[in-house]
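Dear colleague,

I am passing on the structure we spoke about, and below it you will find my notes on what turned up when I went through it. Please keep the structure open beside the text while you read.

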Amino acid sequence: MWRFVSKVAAAATVFAGVALAAPALAQDAQKIFYLLSHGGPSDAFWIDWNAGATKACDQLKVTCKISFSGGDMAAQKEAFNSALAAKPDGIATTSAQPGLWTEEVKAAKSAGIPIVFFNTDDPATGRQAYVGADLRQAGVIWAKYLVDHKMVKQGDKVFLPVEVPGASYQQLETEGIASVFDPLGIKYDVVDCGTDPAGIIAKMSDYMVANNPPAIIALGDSVAASVKRVFDGAGVPAGKIPVVGWGNSRETAEAVKAGFVNAAAWQFPSAQGFMPVALLGLAAAGEPIGYDIHTFSLYDASSVEPILKLYDK
């Protein structure tokens with residue numbers, strides 16, 4: 001099973017730095033960080049992410065202003081510019097579209113405001129650090145899983161459902177998939193399934209009936225979480241069609257255990273919320289930051305239990 005492990009050394013440095021920085025921050029409770037997500041507050045991943053971010057804010061005794069734009073890029077851009085105007089001690093943000101934050105990051109750096117990206121990256125902006133998965137590598141890992149387990153072959157067309165086609169995560173993941181599939185003559189079909197849960201199930205089901213795909217790579221958590229319901233509705237038994245993709249939800253973890261999903265990716269959502277705050281805490285204490293922390297691991301039925309236990313807490 002392919003695994004892309006976190007950068008342990010970098011993470012250890014962060015935790016060590018936080019321990020040193022905490023006393024200084026504790027004396028100045030006026031430190032303010034803005035955390036800006038493109039996600040929705042009711043999404044399972046972002047609920048866990050928010051818990052991790054809130055925990056970090058409490059431990060470092062800083063004020064965190066957390067906002068969710070629910071996929072509305074204009075709203076997130078407005079939130080970013082409001083944060084810049086407030087001149088905070090640090091900003092952490094997602095980058096759901098390439099080039100979205102080029103001018104804002106430039107303005108923040110000119111103002112001496114540390115910038116950390118999380119969940120989705122855009123290193124071309126010049127941001128100082130990133131916490132999250134290498135999304136292109138995620139696509140490579142999923143595609144190689146199917147190839148290495150001989151689940152796909154030349155001439156097959158793999159179903160790639162996604163919530164927001166054109167978003168950074170879809171583009172980067174598909175680039176990784178293409179780097180594996182293209183040389184082997186394996187085709188793939190990126191399909192817009194939207195963000196509405198009922199709509200996702202309907203669109204995935206329609207595609208399944210019309211195309212009978214040989215395999216599925218779920219490019220987002222909402223489409224991955226819908227796999228079992230789609231299969232049940234279409235009368236597809238567990239294991240008949242191989243599925244890989246994201247797995248940051250109870251539904252997908254349970255689908256892995258039941259055999260509907262072969263392998264799923266875990267982004268350690270709580271840690272992905274905690275670590276950007278920790279990095280901003282280091283920067284606020286005068287410590288240099290300039291490295292990435294990758295939070296990604298692939299799990300299957302043999303390793304799903306620890307993740308399911310997290311959802312039982």
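**The central sheet**

Strand β3, which covers residues 90-93, pairs with β4 in the parallel sense, and 3 bridges hold this pairing. Please bear in mind from the start that this is a predicted model.

Within that pairing, T93 stands opposite F117 in β4, and on the other side of the partnership F117 has Y130 as its bridge partner in β5. Strands β4 and β5 run parallel as well, joined by 3 bridges. If you follow the chain from β3 through helix α4 (residues 102-110) to β4, you trace a right-handed β-α-β unit.

These strands belong to an open sheet of 6 strands with parallel pairing, in the order β2-β1-β3-β4-β5-β11. The edges are taken by β2 (63-68) and β11 (292-294), each of which has a single partner strand, so that one side of each is left without a neighbour in the sheet. On average, and with direction ignored, neighbouring strands of this sheet are turned by 15° against each other.

**Strand β1 and its partners**

Strand β1 (residues 32-37) is joined to β2 by 6 bridges, and the two run parallel; here I32 stands opposite T63, while F33 stands opposite C64. The chain passes from β1 through α2 to β2, and this β-α-β crossover is right-handed. Strand β1 is also joined to β3, again in parallel, by 4 bridges, and in this pairing A92 of β3 is the bridge partner of L35.

Why can β1 be called largely enclosed by the rest of the structure? The reason is that 5 of its 6 residues are buried. Helix α2, for its part, lies across β1, β2 and β4, and runs at about 165° to β2.

**The aromatic residues**

A search of the whole structure finds 14 aromatic pairs. One of them is formed by F45 and W46, whose rings meet edge-to-face at 4.9 Å centre to centre, with 90° between the planes. F45 counts as buried because its relative accessibility is 3%, where the cut-off for buried is under 20%; by the same cut-off, W46 counts as buried because its value is 5%.

W46 also forms an edge-to-face pair with F118, at 6.2 Å centre to centre and with 70° between the planes. Since W46 lies in helix α2 (residues 44-60) and F118 in strand β4 (residues 115-118), this pair ties together parts that are 72 residues apart in sequence. Both W46 and F118 are buried. Ring pairs link F45, W46, W49, F68 and F118 into a cluster, which you may like to pick out in the viewer.

Which way do the side chains of β4 point? I115 and F117 point one way from the strand, whereas V116 and F118 point the other way, and all of them are buried.

**Two residues to look at more carefully**

The first is T120, which is found in the loop between β4 and β5. With a relative accessibility of 2%, T120 counts as buried. A polar atom of its side chain lies 2.8 Å from the backbone nitrogen of S95. Leaving aside neighbours within four places in sequence, T120 is in contact with H38, T94, S95, A96, Y130, L135 and Y169, and Y130 will be familiar as the bridge partner of F117 in β5.

The second is G132, which has its place in strand β5 (residues 129-132). Is G132 buried or exposed? It counts as buried, because its relative accessibility is 0%. Not counting residues up to four places away in sequence, G132 touches N119, Q267, Q272, I293, H294 and T295. The C-alpha atoms of G132 and T54 are separated by 17 Å, and these two residues are 78 places apart along the chain.

With best wishes

Definitions and conventions
Residues numbered from 1 in each chain as written. Predicted model: local features only at pLDDT ≥ 70, side-chain atom pairs only at ≥ 80, totals over all residues. Heavy atoms only, no water. Buried < 20%, exposed > 50% of the residue type's maximum accessible area, 1.4 Å probe, protein only. Contact = heavy atoms within 4.5 Å. Phe/Tyr/Trp six-rings, centres within 6.5 Å; stacked < 30°, edge-to-face > 60°. Pairing = 2+ DSSP bridges. Axes fitted to C-alpha atoms, helices over the stretch in contact; angles between N-to-C directions. Polar contact = N/O pair within 3.5 Å; in protein donor to acceptor, adjacent residues only side chain to side chain. Right-handed = clockwise from strand over helix to strand, strands pointing away.
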